[in-house]
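This report introduces the structure shown below to a reader who has not met it before. It deals with charged side-chain pairs, one helix and one loop residue.

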Amino acid sequence: MISHIEGRVAEKRAGELVIDVGGVGFLLLCPASTVAAAPAAGAVFRCYTHFSVYEGGMDLYGFSTREEREMFRRLCSVSGVGPRTALGVLSTLSLRDLSLAILAGDAVAIARAPNVGKKTAQRIILELKEKVDGADAAFGGVAAPPALNPDATQEAVEALLALGYSGQEAARAVEAVRDKAETADKLILLALKGLGG
């Protein structure tokens, strides 16, 4: 319905932005990353939006990137996760860290978000793991080099998990060496060196 809003930042508060477009102030509910990315009052800023209508009201959500908005919509598609909870998840974990947690099955990291218990975190992983695949999941929407099989990144992360590393340690170690290898075996070896293993 409303794809994006571009205008001058009128107000900037925790979890909210007011964007002035032609004298009309649009109140956007935003994750912490979007509020941080917004310039000071008076500067022009574009927000990608999601319009939510519910019994008793409506809300407009704003995001600094299309990818962040897409992850918000994916989170809202999970049973038991509403827009406010999804916003809390994206305010607690960056897009990249959330993608890493989903890929690695790290429910503990996701459960740090407000109003997200362990069961809800596990449901997010279960329902989104197939929608956030390969390199896109591991690297927060940044595609891996064409020569690298996306499955190799996931295999490497899973191998490091099996060796006892946390989900975020494993995924970040693989990310750091993704440009230097074309197979899972090489990725694992290089990642282990980076981890001091």
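A salt bridge is a side-chain nitrogen of Lys or Arg within 4 Å of a carboxyl oxygen of Asp or Glu. The structure discussed here is a predicted model. By this rule, seven salt bridges are counted.

**Salt bridges**

Three residues, Glu11, Arg13 and Glu16, are joined in a network of salt bridges. Within this network, the side chain of Arg13 meets that of Glu16, with an N to O distance of 2.7 Å. The side chain of Arg13 also meets that of Glu11, at 2.0 Å from N to O. As for their surroundings, Glu11 is partly exposed, with a relative accessibility of 36%. Arg13 is likewise partly exposed at 36%, and Glu16 is partly exposed with a relative accessible area of 23%.

A further salt bridge pairs Asp97 with Arg172, whose closest N and O atoms are 2.5 Å apart. Asp97 belongs to helix H4 (residues 95-104) and Arg172 to helix H9, so the pair ties together parts that are 75 residues apart in sequence. The two partners can be described separately: Asp97 counts as buried, at 16% relative accessibility, while Arg172 counts as partly exposed, at 41%.

The salt bridges described above are listed here with their distances.

| Salt bridge | N to O distance |
|---|---|
| Glu11 and Arg13 | 2.0 Å |
| Arg13 and Glu16 | 2.7 Å |
| Asp97 and Arg172 | 2.5 Å |

**Helix H9**

Helix H9, which contains Arg172, spans residues 167-177 and is mostly covered. Of its eleven residues, eight are buried. These buried residues are Gly167, Gln168, Ala170, Ala171, Ala173, Val174, Glu175 and Val177. Arg172, by contrast, is partly exposed at 41% relative accessibility. An α-helix has 3.6 residues a turn, so residues three or four places apart point the same way.

**A loop residue with positive phi**

Most residues other than glycine have a negative phi. Asn115 has a positive phi of about 65°, although it is not a glycine. Where does Asn115 lie? Asn115 is found in the loop between helix H5 (107-110) and helix H6 (118-128). The residue is exposed, with a relative accessible area of 72%.

Key
Residues are numbered from 1 along each chain as its sequence is written. This is a predicted model: local features need pLDDT of at least 70, side-chain atom pairs count only at pLDDT 80 or more; totals for chains, interfaces and linings use all residues. Side-chain values use heavy atoms; hydrogens and water are left out. Buried means under 20% relative accessible area, exposed over 50%, partly exposed in between (1.4 Å probe, protein chains only). Helices (H or I, at least four residues) and strands (E, at least two) are DSSP runs, numbered from the N terminus.
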